[in-house]
Amino acid sequence: MKFSIFFNIRILLFFNLFVVSSICAKPIHAKLTHSETSIKTDLHKKSVEDLLIEADIQFNTYHFEKAIVLYGEIIKTNVEPSAHVLQHMADSYFNINKYSEAGIWYLKLYDLQQGALEENYIIKLVECLKANRQIRKADEILINFYEGKEQLNLILTQKKHLNNQRRKNENSTLVNLPFNGAKSDFSPAINKDGLLFISSREKENDNYDLFIIAQDSVTSDGHFSNIITDSTFVPSLTFSRDSKTVYFTRNSDTNVGAENVTNQQILRATIRNNELTNIKVLSFNNDNYSFNHPSISADGKDLYFSSNMPGGFGESDIYKVTLNNNGDVISAPINLGSKINTAGREDYPFVQGQQLFFASDAHYGMGGLDIFSSRAISKLEYSTPLNMGSPVNSAMDDFSYIAESGRNNAYFTSNRVGGHGDNDIYQLITKEVVAFQIYSGYVLDESTKEPIANAHIQLNSISNKVNFTFETDANGYYTLKLPCNNQHRMVFYKENYLNNRIGIQIGQRPSKPSLNNIIYLSPLNKIEKNDNKSASINSDLRAF
């Protein structure tokens, strides 16, 4: 039975049922066991009414596999299944992440209701159809539902971007890391000691331990980390920049509602000698709701997390709070707003500079949960979230994206087809693509205005330390590719001529090629020397 990536109050079976969940979680690819299928014995002797009562009991106590068997028996009676039965049958499959089966029943429910489903069920149906590669059908249902609504413009914008994004990721390489095992490996985090991740590899049941791998040795198997050994630890953590403080999630001391339902809370602790001290429950926690997936900003001033607390837009929303220098919460939780949060699930926030990354199943995606990126415009305003496309996202669940500061490496979790286990951690390696500004022209003798063949050009680009020497051709012609977002110094020189130096600032994006730039070199035997005839360069260098 596979690990649930979201800790949903609806489906939390964390230890007792070998499934972890939250308001945004569901078990992954659970299979019916022999003992669970034995419930079929003598079911034919029960009435439809008795079967429905028993099925609803199993469903409402989060025993979804047993509920599937019972609802299936009701459907076999040739009695036209009600919307209630179809909905619970679909939800049961959805909650154990069997998207293909769930999609069949959601589609039957959609047809029975003539498309009149609530928004959260439209989201689930579309998610399941896309996971089953029924993209056109999913888009048709999605666009029909949002026709005439403000949300449609956002969806169409995201759809267009995703179609273009599929052709723009050639410079990225995806690696299924060798340490992934047959069980769940997920929720990567980075501190000064290396890459940490959660795994159930050494457990007979679905309890989880924290493992660590040296930062430059991600091909190794990793070893057990005893930073967090609390049996109520829920797999989600983030470290301060100096790695002395950790924010993590654990089960609340109070069980809420039905059997096996436990909410989560976020705590802060200091790490000393590889052990937790000064453990504190953050002030915004409430035992009646779940608080998950903490992520601290690089400057330590903001803590992002997801929650199903009241007042949000959907099943789970992303919030943030302000922290003081001691890591204490000094503001009420702020919902990131309707640009980020939807009627579905938004989880696993990660911030790098002004860029927010998060997982969602309701923004326009490829199926299951997808990873999106949005830029902070102000404290309360964000740009349109855009799908990161393939190879980051797939038809299944992709989530818990993090990136290494100053490096072109990122990590995330996925249960996509082709993995080693229930959930695997993938490394995304992005080859840096340098944009260039074309700069060309001629080197001429200042006195005769004749071209100077084989004149030397020494280029120094300051920020990326480029240092090359070029030569003009027989016609004195040169062409240079100057890296963007850089300052460049060029020295033009040749024997028996005075050197000529120029400086150019190139912006972040290349403009039109700068052509026919004339550089003059003054002969040494000229009586009246003018060291800066290059003022006649006819291109507007400042425009770069």
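Where in the chain does Arg-201 sit? Look in the loop between strand 3 (194-199) and strand 4 (209-213), and you'll find Arg-201 there. Keep in mind as you look around that this is a predicted model. Arg-201 has a relative accessibility of 27%, and because buried means under 20% and exposed means over 50%, Arg-201 counts as partly exposed. Now find Ser-184, which is 17 residues away from Arg-201 along the chain. In space, the C-alpha atoms of Arg-201 and Ser-184 are separated by 7.1 Å.

Let's step back and take in the whole chain. There are 544 residues, and 54% of them count as buried. The secondary structure comes to 8 helices and 27 strands. What about contacts between parts that are far apart in sequence? Take the contacts with a separation of 6 or more: 52% of them are between residues 24 or more positions apart.

Next, head for the inside. In soluble globular proteins, nonpolar side chains tend to be buried together. Here, the largest nonpolar core has 46 residues. Tyr-71, Tyr-106, Ile-122, Leu-125, Ile-141 and Tyr-146 are the ones with the most contacts inside this core. Several helices give two or more residues to it, among them helix 2 (48-60), helix 3 (64-76), helix 5 (99-112) and helix 7 (135-146). Which helix gives the most to this core? That's helix 6, with 8 residues.

Pick out Leu-125 for a look at how this packing works. Leaving aside its neighbours within four places in sequence, Leu-125 is in contact with Gly-103, Tyr-106, Leu-107, Tyr-110 and Ile-141. There is also a second, separate core, made of 20 residues. Ile-371, Val-392, Ile-425 and Leu-428 are included in that one.

Stay with helix 6 a little longer, and find Lys-130 in it. Is Lys-130 buried or exposed? Its relative accessibility is 3%, so Lys-130 counts as buried. Not counting residues up to four places away in sequence, Lys-130 touches a whole list of partners, including Ile-135, Ala-138 and Asp-139. The list also includes residues from much further along in the numbering, such as Tyr-364, Gly-365, Met-366, Gly-367 and Ala-395.

Now for the empty spaces. How many cavities of 30 Å³ or more are there? The count comes to 3. The largest cavity has a volume of about 120 Å³. It is lined by 15 residues, and the ones nearest its centre are Val-126, Asp-361, Ala-362, His-363 and Gly-365. Helix 6 turns up again here, giving the most to the lining of the largest cavity, with 4 residues. Sorted by class, that lining has 6 nonpolar, 5 polar and 4 charged residues.

Pockets are open, unlike cavities. The second largest pocket holds about 740 Å³ of space. Of the 33 residues that line this pocket, Ile-190, Thr-238, Phe-239, Phe-350 and Ala-403 are the closest to its centre. The elements that give two or more residues to the lining are strand 2 (185-191), strand 6 (233-239), strand 10 (291-296), strand 14 (346-352) and strand 18 (398-403). By class, the lining of this pocket has 16 nonpolar, 14 polar and 3 charged residues.

A few spots in the backbone deserve a visit too. Strand 14 holds Tyr-348, whose phi is near 50 degrees, a positive value in a residue other than glycine. Tyr-348 counts as buried because its relative accessibility is 6%. Tyr-62 also has a positive phi, near 70 degrees, and you'll find Tyr-62 in the loop between helix 2 and helix 3. With a relative accessible area of 13%, Tyr-62 is buried. For a cis peptide bond, go to the one from Ser-390 to Pro-391, where omega is near 10 degrees. Pro-391 has its place in the loop between strand 17 (386-387) and strand 18.

Finally, how many disulfides does the structure hold? The count is 0. As for individual cysteines, Cys-128 counts as buried, at 1% relative accessibility. Cys-484 is buried as well, with a relative accessible area of 10%.

Notes. Residues numbered from 1 in each chain as written. Predicted model: local features only at pLDDT ≥ 70, side-chain atom pairs only at ≥ 80, totals over all residues. Heavy atoms only, no water. Core = buried A, V, L, I, M, F, W, Y, C linked by side-chain atoms within 4.5 Å. Buried < 20%, exposed > 50% of the residue type's maximum accessible area, 1.4 Å probe, protein only. Contact = heavy atoms within 4.5 Å. 1 Å grid on protein atoms, 1.4 Å probe; cavity = no way out; pocket = protein on both sides within 12 Å on 5 of 7 lines; lining within 4 Å. Points joined across faces, edges and corners; volume = space filled by probe spheres on them. Nonpolar A, V, L, I, M, F, W, Y, C, P; charged D, E, K, R; others polar. Disulfide = S-S within 2.5 Å.
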